[in-house]
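Subject: Structure to look through

Dear colleague,

I am passing on the structure that we spoke about, and below it you will find my notes. Please read them with the structure open beside you.

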Amino acid sequence: MGKPGPLSLNTMTVRDQFSLAQCVEACQRHGITGISPWRDKLAECGVPRAAKLIRDAGLTVTGLCRGGMFPAADAAGRQAAIADNKRAVDEAAAIGAQCLVLVVGGLPRGSKDIAGARRQVQDGIAAVLEHGRASNVPLAIEPLHPMYAADRACVNTIDQAIDLCDRLGEGVGIAVDVYHVWWDPNLAAAIARARGRILAFHICDWLVPTADMLQDRGMMGDGVIDIPAIRGLVEAAGYRGFCEVEIMSANNWWKRPGDEVLQTCLERHATVV
Ligand code: ZN
């Protein structure tokens, strides 16, 4: 198979080492041509300054992380989430992001109604969608591994995300993150079905054993995910974008020098992606 799409740095990968400004500088230093900031780093930098830094560096913004977290226990909570997502759309537009990544949210506090939470997700996205369309910011639903269904995202498979896209129409697509979808027995068919809807491709690896549900993701090549196989599927479904490296690793990669992390990402991107 051919070479992977270019590497993009999701700022979470060097969360503890670099500010957004330092991420931009590091991308230039290492010849990385894409970036995907999280909103906390963006807020810290200030949106206008961040937009200028990124533009001056000539980086492609492969996404803004993240919107979502729609379900809430009451109407006021749901409205607050919708308002926050509209602000996130504005931030994504300001930095020229190719999409706003949605981690859609899990169960409201005290609830056991996952079907209800999923309805709230659909309603929440629907309420933000017009603003996304008008701002030219596609919304990328990121299905998360089912271990996060309660507290982070009750959309857990690509099929489920595409069902939502089909119901919501224009302006919404999906982010395929190998960490969240690699286990799906229906993965090949689901990705084929996602043709034209894949807005982002996130890479890292699944470690065995995994010590922490959230912050023990592996560097590409250190785990059990057949990343080239999944890349082949997204490319066969028409995806021609970046490979965005997103590694949350409290006890390993966040503790190493940022430049070493980026150098390793580049090496693995060239050899195991
Ligand atoms: Zn991701």
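R217 counts as buried, with a relative accessibility of 4%, where buried means under 20% relative accessible area, exposed means over 50% and partly exposed is in between (1.4 Å probe, protein chains only). E246 is buried too, at 3%, and R217 forms a salt bridge with E246 in which the closest N and O atoms are 3.8 Å apart, a salt bridge being a side-chain nitrogen of Lys or Arg within 4 Å of a carboxyl oxygen of Asp or Glu. Because R217 lies in the loop between β8 and α9 (227–236), and E246 in the loop between β9 (243–245) and α10 (258–271), the pair ties together parts that are 29 residues apart in sequence; helices (H or I, at least four residues) and strands (E, at least two) are DSSP runs, numbered from the N terminus.

Before going further, please note that this is a predicted model, in which local features need pLDDT of at least 70 and side-chain atom pairs count only at pLDDT 80 or more, while totals for chains, interfaces and linings use all residues. Residues are numbered from 1 along each chain as its sequence is written, and side-chain values use heavy atoms, with hydrogens and water left out.

E246 also appears at the zinc ion, which is coordinated by E142 (OE), D177 (OD), H202 (ND1) and E246 (OE) at 2.1 to 2.2 Å. Donors are N, O and S atoms within 2.8 Å of the metal (3.2 Å for Na, K and Ca), and water is not among the atoms, so sites may look incomplete. Of these donor residues, D177 is in strand β7 (residues 172–177) and H202 in strand β8 (residues 198–203), 25 residues apart, and both D177 and H202 are buried.

The structure holds 16 salt bridges, and another of them joins D222 to R268, with the closest N and O atoms 2.8 Å apart. D222 lies in the loop between β8 and α9 and R268 in helix α10, so this pair ties together parts that are 46 residues apart in sequence. D222 counts as partly exposed at 39% relative accessibility, as does R268 at 21%.

Finally, please look at helix α6 (residues 158–168), which is largely enclosed by the rest of the structure, because eight of its 11 residues are buried. D163, in helix α6, forms a salt bridge with R193, in helix α8, 30 residues apart, and D159, D163, D166, R193 and R197 are linked in a network of salt bridges.

With best wishes
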